[in-house]
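Colleague: Hello! I have never looked at this structure before. Could you walk me through it and tell me how each label is earned?

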Amino acid sequence: MHIVCLYLHYASPDCPSGGRAYSVLRALGQAHRVTVFTGAHYHKLRQTKAFDWAPPGVDVQMLDVPYTNEMGPVQRLAAYATFPAWAGAHACRVPDADVLYAISTPLTTPMAAAAAARILDVPWVLEVRDLWPDVPIQMGALPSPLLQRLLRWAERRLYHDAAHVITVSPDMTTHVESTGVPSAQVTTLPQGTDCALLDRPNASSPADLRAAHRLGSRPVVLYAGAFGRANDIPTLLAAADRLAGRSEALFVFIGHGYHASDIETAAHRLPNVRHIPPQPRHHMMPWFRLATVSLVSFIDRPVLGTNAPAKLFDSLAADTPVLVTNPGWMTRFVQRHNCGWAVPPSAPTALAARIAQVVGSPDTARAAGQRGGALVRERYDRSQQADALASILRTAASAS
């Protein structure tokens, strides 16, 4: 097949990113021809060159659309309009495409894919990473009722227009099916992780990291990922403040985004907070192994309970238990598999109490992490997801 992918946020493991698209597209490129239209922002954020930006079989074409995690709503909307217009126009010029594969966010990317698919007379498959427009609506970024209604109508149309819809969490699947899409046309392919990154040669050991960053032997509470408005960073910092001087726990924040300056300020004020700059993804795996517990946090918005952050599966793959702070599928997941704990969102006192309990019971934490590690390696390796994705794309292409 010739698969044409539209995705704004393509990134290799050399970047500070979850990297799911890279893993599955690299696997697809081993048996198929893949053309990717993407933005250039992650290419500029590469910190190493350990991985081919375009793996064998994959042609990556970039548009230099301004985009950063620190952007406000207006700037993001500009990027969300510019990229799909460019990507869709270029996709229409691919004469031998068999199937289009559109990955949101934003919702405008699958809009462009749907239009290009009609022009090319080929099917298209939609992968939903965030529920749009619910995310910007619930975050207050789309106050216009008229625009909200328009985008909700477009969302439903796109779900029904696609040959198949892929989601990354069971709660997203429930949402898609609630719009009337038959369950046979919706598949949950969880975010998962690239287990091969855990065993890369020359990776730093946890002992190396402790020595390099002067962490001593203290138990590490790790937050790795975006410091965005949705990630409830103020609550994590408030929990660290409550535990300063009362617990051995050391809070390590690795990432970038809106709340970076708040974390930097806390690191200067509190003895139990460390701020480490963003790391390429393949350097992050030893950090997950080092941690006693990994935090997966969101503010209290219903739509955020459907999210599937990479750090959840990265942590568990490294035998590190997770502490989640939203009442969606992740809470049910850690409780069902006994691989972590859950506290309510935006509840710093409850969070601090649970962290103190976890770091005070290292054997219990270790056992929870090992259960999670066995589960993720068996069911959630991205190599398995690539096979499932290839089957979905092949079925869509053959039905056209």
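**How the labels are earned**

Modeller: Gladly! Let us start with a pair of strands: β8 and β9 (residues 250-256) run parallel and are joined by 7 bridges. Please keep in mind that this is a predicted model.

Colleague: What makes β8 and β9 a pair?

Modeller: Two strands pair if at least two bridges are found between them, and β8 and β9 have 7 bridges. One of the bridge partners is easy to find: Val221 is matched with Phe251 in β9.

Colleague: Why is β8 called largely enclosed?

Modeller: Strand β8 covers residues 220-226, and 5 of its 7 residues are buried, so the rest of the structure largely encloses it.

Colleague: What is the strand order in the open sheet of 7 strands?

Modeller: The order is β3-β2-β1-β4-β5-β6-β7, and the pairing is parallel.

Colleague: Why are β3 and β7 said to stand at the edges?

Modeller: Each of them, β3 (58-63) and β7 (186-188), has a single partner strand, so one side of each is left without a neighbour in the sheet. From one strand to the next, the twist averages 20 degrees.

Colleague: How do you know that β2 and β3 pair?

Modeller: Again we count bridges. At least two are needed, and β2 (residues 33-39) has 6 bridges with β3, in the parallel sense. Among the partners, Val36 is matched with Val60 in β3.

Colleague: What makes you say that α4 packs on the sheet?

Modeller: Helix α4 (residues 108-120) touches β1 (2-6), β4 (99-103) and β5 (124-128). The direction of α4 makes about 170 degrees with that of β4. Helix α7 (residues 170-178) lies across β5, β6 (164-167) and β7, and runs at about 170 degrees to β7.

Colleague: How do you know that the length of α3 agrees with what a helix should span?

Modeller: Helix α3 (residues 73-91) has 19 residues, which at 1.5 Å a residue should span 27 Å; the C-alpha atoms at its ends are 27 Å apart, so the two values agree. The buried residues of α3 include Tyr80, Phe83 and Trp86. These buried residues pack against β1, β2, β3 and α4.

Colleague: Why does Cys15 form no disulfide?

Modeller: A disulfide needs two cysteine sulfur atoms within 2.5 Å. The closest cysteine sulfur to that of Cys15 is in Cys5, 15 Å away, so it is too far for a bond. For Cys92, the closest cysteine sulfur is also in Cys5, and at 15 Å that is too far for a bond. The structure holds 0 disulfides.

Colleague: Why is Cys15 called buried, and why is Cys92 called partly exposed?

Modeller: Buried means under 20% relative accessible area, exposed means over 50%, and partly exposed is in between. Cys15 has 0%, so it is buried. Cys92 has 26%, so it is partly exposed.

Colleague: Is Thr179 counted as buried or exposed?

Modeller: Its relative accessibility is 19%, so Thr179 counts as buried, the cut-off being under 20%. Thr179 is found in the loop between α7 and β7. Leaving aside neighbours within four places in sequence, Thr179 is in contact with Arg156, Tyr159 and His160.

Colleague: Why is Gln191 called buried?

Modeller: Gln191 has a relative accessible area of 9%, so it falls under the 20% cut-off. Its place is in the loop between β7 and α8 (206-212). Not counting residues up to four places away in sequence, Gln191 touches several residues, including Arg20, Phe313 and Arg382. A polar atom of the Gln191 side chain lies 2.8 Å from the backbone oxygen of Ala308.

Colleague: What is noted about phi in Asp121?

Modeller: Most residues other than glycine have a negative phi. Asp121 has a positive phi, near 60 degrees, and is a residue other than glycine. Asp121 is in the loop between α4 and β5, and at 66% relative accessibility it counts as exposed. Asp319 is not a glycine either, and its phi is positive, about 65 degrees. At 32% relative accessibility, Asp319 counts as partly exposed.

Colleague: Which form does the peptide bond from Thr105 to Pro106 take?

Modeller: That bond is cis, with omega near 5 degrees. The peptide bond from Ser104 to Thr105 is cis too, with omega near 20 degrees. Thr105 lies in the loop between β4 and α4, and Pro106 has its place in the loop between β4 and α4.

Technical notes: Residues are numbered from 1 along each chain as its sequence is written. This is a predicted model: local features need pLDDT of at least 70, side-chain atom pairs count only at pLDDT 80 or more; totals for chains, interfaces and linings use all residues. Side-chain values use heavy atoms; hydrogens and water are left out. Helices (H or I, at least four residues) and strands (E, at least two) are DSSP runs, numbered from the N terminus. Axes are lines fitted to C-alpha atoms, for helices over the stretch in contact, and angles run from 0 to 180 degrees between N-to-C directions. Contact means heavy atoms within 4.5 Å. Buried means under 20% relative accessible area, exposed over 50%, partly exposed in between (1.4 Å probe, protein chains only). A polar contact is a pair of N or O atoms within 3.5 Å; within protein, one must be able to donate a hydrogen and the other to accept it, and residues adjacent in sequence count only if both atoms are side-chain atoms. The expected span of a helix is 1.5 Å times one less than its number of residues.
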